[in-house]
Amino acid sequence: MRVIATVEELRTALSVTARAVSVAAREAVPAAARDAAPAAAREGRRGTGLVPTMGYLHDGHTSLVRRARQDCDLLVVSLFVNPTQFGPGEDFASYPRDLPRDLELLEREGVDVAFAPPPDGLYPPGADTVVRPGRVAEPLEGAHRPGHFEGVATVVTMLLSAVQPRVAYFGEKDWQQLQVVRRVVRDLLLPVEVVGLPVVREADGLALSSRNVRLSTEDRRHALCVPRAIEAAREAFAAGESDPAVLERAMARALAREPAVETDYAVVADAETLQPQLRATAASRALVAARVGGVRLIDNAPLAEASDTPAPGR
């Protein structure tokens, strides 16, 4: 695995690694099969995959890496705590970091290139261009963290430009971020497929997050009200309730059972636009952001899984 710290090194490494992967793939195919296959298949290329992360990797990240490794011939994982998506008073300085541990994990998973730049290794000196996403970035996280999604959209666009992947992989835990990235890719005509993969949870239901390491034992127990609030909305929907206000009250009651938890929002919204709805559907998203012991947690889920029977409205 190559460990890269600058964009210039990254582009050189990707060019060299891509050629090596193509040659290895070609040599692994018998000559007769190569001659019979279409040109693209003969070259053995499924393209480059990118998994953007802020490091301090957990099983949620590993699920993205494994899917990308399965899909792509060349796999790049970025490890970059992006300063521009943190606002004043947020936890940029205290965000957990452990680069040696992350690199060891990525090596085990068969990653080809780990891109781990310092802040000045990605942003050019004097950089002041930003990507400003549209309406999907305005509610929820956008309202509570002004400027956050400009930082996200900008750094993701920079990473996509530097790596030029065929596919980029994101977790659904940051649901609104996933929709912002999809909108930026669509609106800016970026030639990349964005794949979202399901939230990975602990056995007790808490969504995996790098920030979970900062929860005390007591705080972690309190934090379980976050997935319980989402489950409360799902249960009410399964029982036939489709009024978003009623579903949100069920979420609020679950969160209120833990007075130590400070709720930023607990809403049911359209899955793509994140806007309020008159009636919830199976695809609607229940989303929560709350602070537990100084740690801000987010979580979400659809009101019903694709395989579930949608609850009737009433």
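Pro100 and Arg108 are exposed (over 50% relative accessible area, 1.4 Å probe, protein chains only) on one side of helix H5. The model is a predicted one, in which local features need pLDDT of at least 70 and side-chain atom pairs count only at pLDDT 80 or more, while totals for chains, interfaces and linings use all residues. Residues are numbered from 1 along each chain as its sequence is written, and side-chain values use heavy atoms, with hydrogens and water left out.

Helix H5 spans residues 99-108, and its buried residues (under 20% relative accessible area) are Asp102, Leu103, Leu105 and Leu106. These residues lie on the same side of H5, because they cover an arc of only 160° around the axis; the arc is that of the directions from the helix axis to the C-beta atoms. Helices (H or I, at least four residues) and strands (E, at least two) are DSSP runs, numbered from the N terminus. The cover over the buried residues of H5 includes strand E1 (2-4), helix H4 (59-71), strand E3 (74-79) and strand E4 (113-115). At the start of H5, a side-chain oxygen of aspartate 98 comes to within 3.2 Å of the backbone nitrogen of arginine 101. Glycine 110, with a positive phi near 80°, follows H5.

Arginine 101 itself lies in H5 and counts as partly exposed (between the two limits given above), at 34% relative accessibility. Leaving aside neighbours within four places in sequence, arginine 101 is in contact (heavy atoms within 4.5 Å) with Tyr56 and Leu57. A polar atom of the arginine 101 side chain lies 2.6 Å from the backbone oxygen of leucine 57, and the C-alpha atoms of these two residues, 44 residues apart along the chain, are separated by 8.4 Å. A second arginine, arginine 234, is placed in helix H11 (residues 225-238) and counts as buried at 15% relative accessibility. A polar atom of the arginine 234 side chain lies 2.5 Å from the backbone oxygen of proline 302.

The largest nonpolar core (buried Ala, Val, Leu, Ile, Met, Phe, Trp, Tyr and Cys residues joined through side-chain atoms within 4.5 Å) has 44 residues, of which Leu10, Phe115 and Leu287 touch the most other members. Helix H8 provides the largest share of this core, 9 residues. At least three residues of the core come from each of domain 1 (2-197) and domain 2 (210-302), with domain bounds taken from an automatic or database domain assignment.

Conventions:
Polar contact = N/O pair within 3.5 Å; in protein donor to acceptor, adjacent residues only side chain to side chain.
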